[in-house]
Amino acid sequence: MKKIAIAVAALPAAFAAQAQSGVTLYGLVDAGVEVVNHASATGGSVTRLTSGGMNTSRWGVRGSEDLGGGLKAVFQLESGIFIDNGSVDTPSSVPNGLFRRQANVGLEGAFGRIIAGRSYTTAYDFILPFDPMGYSPAYSWATASNGTTAAASSAYGMTTAFDNILKYTGTFGGFKVGASYGFGEVAGASGAGRRYALAVGYGAGPFTVALTGERINGTQNPTPRDETTAYHAGLGWQLNKDVALKAGARYYKMERASGAAELRANTYWVGANWQATPALGLSAALYYLDQRNLATEADPKMLVLRARYALSKRTDLYATAGHARAKNGQSVALTRDVSPQGVTGFRDTQTGVIVGVQHRF
């Protein structure tokens, strides 16, 4: 009886410990019907079912374990999905890669959070909240601007995720700081493929601001190698509980090992989010890419409008319209040129509309 009594007495503590640890299955499913013009060499349009009109579809598991003393072990595994055909959303360089969005483990405490593995970049974490389109893979140039020539295959943008990184994030009062280091893992060349990023953010009252810098080395060995540098700035102003203004800017430079001219561009965006009613949200954004060092510069611009209607806390209907225009007869596309879901543009303008549904679980 004494042993049973001791075991029963220990149950509340066991349940309390279990309550402080756990694993969560989560996901987002987003699909829409899109119509885009100037989608072929003859100028024809295309109508298609697209995955991720407002946010990239994904599923994942994340969890934590309370280690005591305010310290937690944390992990996250996340995979992208193409809803239109059910395939894994993964870079072409890593076919069938399952957890290409997130795959990491680490520790969290009063000092902040440090993780190891694959994760979103520090620049992505700090700057994307300033995009009025809110992490949209379609009709947003905040992560990667539209490159309109073969020379612009780098997309003049931030890298959204890194492999083999250590990443730190900490919040102290109104300040948020972040840093990441990516191992190049090229034998005999410690600098090849190496990646660095630093960021700081601050919020006071209705204002928020963030600054980031990142450096990415090419994998060429021996030197010279490509070296990419990008700086970002984001500014937000919450006018009232229903209206938020957002703006961002990026300086991008790639020094090329081939000796060709530096690939340079500055990207700017500005926009607003308006919660018109408890169910209806309206967004508008204008993006501009100022290209440099090209024989013929397109300097494309894009205007985007979106309406989002909440059917519930987890399900939304949405409609997004975009129009992009380039100069000097250069072609332009609405969706950033590194997106596998984008529609290639064949004229100096492109217009598109997506109507879709999104569910979160």
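A pocket, as the word is used here, is an open set of grid points with protein on both sides within 12 Å along at least five of seven lines, and its lining residues are those with an atom within 4 Å of a point. The exercises below apply this and other ideas to a predicted model.

**Exercise 1. Describe the lining of the second largest pocket, beginning with the residues nearest its centre.**

Solution. Start with the residues themselves: the second largest pocket is lined by 27 residues, and Asn273, Gln275, Ser283, Arg306 and Arg308 are the ones that lie nearest its centre. Next, look for the elements behind this lining, where strand E14 (263-275), strand E15 (280-292) and strand E16 (301-310) are those that give two or more residues. Among the contributors to the lining, E16 gives the most, with 5 residues. Then sort the lining by chemical character, which yields 13 nonpolar, 7 polar and 7 charged residues. Finally, add the volume of the second largest pocket, which is about 380 Å³.

**Exercise 2. Work out which residues touch the most other members of the largest nonpolar core, and which elements supply it.**

Solution. The largest nonpolar core holds 30 residues, and within it Tyr139, Tyr287 and Met302 touch the most other members. Turning to the elements, helix H2 (122-127), E15, E16 and strand E17 (315-325) each supply at least two residues of this core, with the largest share, 4 residues, coming from H2. A second, separate core has 8 residues, including Tyr156 and Leu294.

**Exercise 3. Decide whether Tyr139 and Asn328 are buried or exposed, and state where each one lies.**

Solution. Take Tyr139 first: its place is in the loop between H2 and strand E8 (161-172), and because its relative accessible area is 0%, Tyr139 is buried. Asn328 lies in the loop between E17 and strand E18 (349-360), and because its relative accessible area is 51%, Asn328 is exposed. As a last step, consider the backbone: phi of Tyr139 is near 60 degrees, a positive value in a residue other than glycine, and phi of Asn328 is also near 60 degrees.

**Exercise 4. Place Ala210 and Ile115 in their strands and list the residues that each one contacts.**

Solution. Ala210 is found in strand E11 (residues 207-217), and it counts as buried because its relative accessibility is 4%, where the cut-off is under 20%. Setting aside residues up to four places away in sequence, Ala210 touches Phe126, Ile127, Phe130, Val200, Gly201, His232, Ala233 and Gly234. The C-alpha atoms of Ala210 and Leu235 are separated by 6.7 Å, although the two residues are 25 residues apart along the chain. Ile115 lies in strand E7 (residues 112-120) and, at 8% relative accessibility, likewise counts as buried. Apart from neighbours within four places in sequence, Ile115 is in contact with Val74, Asn104, Val105, Gly106, Ile165, Leu166 and Lys167.

**Exercise 5. Judge where the model should be read with caution, using pLDDT.**

Solution. Begin with the protein as a whole, for which the mean pLDDT is 87 and 88% of the residues reach 70 or more. Then consider residues 1-19, where pLDDT stays under 50 and the model has 0 contacts beyond four places in sequence. Over residues 148-154 pLDDT also stays under 50, but here the model has 18 such contacts. Where pLDDT is low, the predicted coordinates should not be read in detail.

Conventions:
Residues numbered from 1 in each chain as written. Predicted model: local features only at pLDDT ≥ 70, side-chain atom pairs only at ≥ 80, totals over all residues. Heavy atoms only, no water. Buried < 20%, exposed > 50% of the residue type's maximum accessible area, 1.4 Å probe, protein only. Contact = heavy atoms within 4.5 Å. 1 Å grid on protein atoms, 1.4 Å probe; cavity = no way out; pocket = protein on both sides within 12 Å on 5 of 7 lines; lining within 4 Å. Points joined across faces, edges and corners; volume = space filled by probe spheres on them. Nonpolar A, V, L, I, M, F, W, Y, C, P; charged D, E, K, R; others polar. Core = buried A, V, L, I, M, F, W, Y, C linked by side-chain atoms within 4.5 Å. pLDDT = per-residue confidence, 0-100.
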